[in-house]
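Here is a short briefing on how the chains pack together. Please keep the structure open while you read.

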Amino acid sequence: MKISYYPGCTLKTKAKNLEEAALASLAALGIECEELPRWNCCGAVHSLAQDDLIHHVAPVRDLIRAMDRGSTKLVVLCSMCYNTLERANAIMRDDALRRETINGFMDEESDYRGEVEVVHFLELLRDEIGWEALRGRVKVPLGGLRVAPYYGCTLVRPKEVSIERGGEERVFLAFLEALGARPVEFSAESLCCGSYQVLANPQAALGASQAILESARRRGAEALALSCPLCEFNLSRRQGELLEAQRIASGFPTFYFTQLLAIALGLGEEVCRFDLNDRASRELLIEKGIAACETALVS
Amino acid sequence: MPIKISPKTMKHGFIERIMELSGQDIYRCFQCGTCGGACPMSAEMDRVPRKVMHLVQLGLEERVRECGTFWTCASCHSCTVMCPRGIDLARVMEALRLLTLRKSINFVEPSGLSAEVIGGLPQIALVSCFRKMTG
């Protein structure tokens, strides 16, 4: 089985800390996957209008490229890309009329019928490694760090594309447990952070982010684990505005889940790019003895 | 504010267009208000989604256009997964946005954004916002 990897635009620029930690972890775990040699922006959001097929073409092109490489799986890190690619994939797999129209429009590409499985990185870890085996690979357990897994919207809605399959196990919680952290369930785990309203209606988006940070703190979490660069922007980089307006009492650390993975696997801070995180996040790891102070504070 | 309803105020073409674009039967809504309770942005809306659904059912196109509800929607699908009548409200909000955007009217004007704002945001913020807020 061959696995392709789709990074998406933001991971190559603003969210290098999401990508670099993930790729180093994959290599350490011995999972082979190849970045698509050519890929385009997935469109970031799924088009919801019945008559709009043209916006599905971009994600479908990426899926076709994965199929043409002989891949059966396409692994995605960014939550928004995951959602957009998986929803487009569902159309090509399940909707004969739309599939025919889209395939007909793309006359130079191979016909596509949903052959490639789109998986989020957390699902890949569950399916290729498994939580028990992952626990066995951990060299630097996260020392009971109380981490609240923030799913946001696009990993779990709509339910057809949710990374949670229902039942006892919850993938994000099981992941954090395997790393030696203490996952903290909180009521705002899948509330919206404000998303793209950061541009159209920034104050409304800020209120949405504030509610999430407060909810996690009330439950005793010390940090949030994230999977989406837009959530990261709203929940981390905009904390300065919340602090200035005295809407939160102190900074709240946030990490990409892949950074926690790389640290736990003992890969060192070099691959984690903590220089792209806020100061409070780095300081928390130092305080917990998980990161060494000299290198972590260089930014 | 009382709403005046008559055969003249009810824009059937508007109702049909929204049903066509969204693929949703808006008459299924029985006004329970679950959508507004689930919506993380409802405090910022002049009219909660339930009221918008009612105005659409009544074909009051101008009243719907006047409210900013669908411009405040972040397409998070909280309403969609909670609706006890199985209505995908995110699609209805998209249809309402498209009635404006397809006339090449932008709600967010990209040329009005400063280089500083654009430079600071992750690409997915720009792409997603332009996809939902520009024509």
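The buried residues of helix 9 of chain B pack against both chains in this predicted model. On the chain A side, the partners are helix 3 (79–94), helix 8 (197–200) and helix 10 (229–237). On the chain B side, they are helix 5 (69–72), helix 7 (89–101) and helix 8 (115–120). Helix 9 of chain B spans residues 123–133, and its buried residues are Ile124(B), Ala125(B), Leu126(B), Ser128(B), Cys129(B), Lys132(B) and Met133(B).

**Interface between the chains**

- The contact takes 38 residues from chain A and 42 residues from chain B.
- About 3,300 Å² is buried between the two chains. Carbon and sulfur atoms give 65% of that area.
- Within chain B, the residues that lose the most area to chain A are Arg91(B), Ile124(B) and Arg131(B). Together they make up 21% of what the chain B side buries.
- Ile124(B) is also one of the buried residues of helix 9.

**Nonpolar cores**

- In soluble globular proteins, nonpolar side chains tend to be buried together.
- Here the largest nonpolar core has 141 residues. Leu134(A), Phe175(A), Leu224(A) and Leu96(B) have the most contacts inside it.
- Helix 7 of chain B gives the most to this core, with eight residues.
- A second, separate core has five residues, including Ala204(A), Ala208(A), Met41(B) and Met45(B).
- What does Leu224(A) touch, leaving aside its neighbours within four places in sequence? Its contacts include Val147(A), Tyr150(A), Phe186(A), Ile212(A), Leu235(A) and Phe255(A).

**Aromatic pairs and a charge over a ring**

- Ten aromatic pairs are counted over all chains.
- Phe255(A) and Phe274(A) are an edge-to-face pair, because their planes stand at 80 degrees, over the 60 needed, with ring centres 6.2 Å apart.
- This pair links distant parts of the chain, 19 residues apart. Phe255(A) is in strand 8 (residues 254–256) of chain A. Phe274(A) is in the loop between helix 12 (257–264) and helix 13 (279–287) of chain A.
- Both rings belong to buried residues: Phe255(A) has a relative accessible area of 0%, and Phe274(A) has 4%.
- Trp71(B) and Phe107(B) are stacked, with 4.4 Å centre to centre and 0 degrees between the planes.
- That pair also links distant parts of its chain, 36 residues apart. Trp71(B) is in helix 5 of chain B, and Phe107(B) is in the loop between helix 7 and helix 8 of chain B.
- Trp71(B) is buried at 9% relative accessible area, whereas Phe107(B) is partly exposed at 40%.
- One aromatic cluster is formed by Phe121(A), Trp131(A), Tyr151(A), Phe172(A), Phe175(A) and Phe257(A). Phe175(A) also ranks among the residues with the most contacts inside the largest core.
- The charged end of Arg85(B) sits over the ring of Phe30(B), 5.1 Å from the ring centre.

**Cysteines**

- How many disulfides does a search of the whole structure find? The count is zero over all chains.
- Why is Cys81(A) not bonded to Cys78(A)? Their sulfurs are 3.6 Å apart, which is too far for a bond, because a disulfide needs the sulfur atoms within 2.5 Å.
- Cys81(A) is buried, with a relative accessible area of 2%.
- Cys76(B) is in no disulfide either. The nearest cysteine sulfur is that of Cys153(A), 4.6 Å away.
- Cys76(B) counts as buried, because its relative accessible area of 10% falls under the 20% limit.

Methods. Residues numbered from 1 in each chain as written. Chains lettered and ligands numbered in written order. Predicted model: local features only at pLDDT ≥ 70, side-chain atom pairs only at ≥ 80, totals over all residues. Heavy atoms only, no water. Buried < 20%, exposed > 50% of the residue type's maximum accessible area, 1.4 Å probe, protein only. Helix = DSSP H or I, 4+ residues; strand = E, 2+ residues; numbered from the N terminus. Contact = heavy atoms within 4.5 Å. Core = buried A, V, L, I, M, F, W, Y, C linked by side-chain atoms within 4.5 Å. Phe/Tyr/Trp six-rings, centres within 6.5 Å; stacked < 30°, edge-to-face > 60°. Lys NZ or Arg CZ within 6 Å of the ring centre and 35° of its normal. Buried area = accessible area lost by both parts, 1.4 Å probe.
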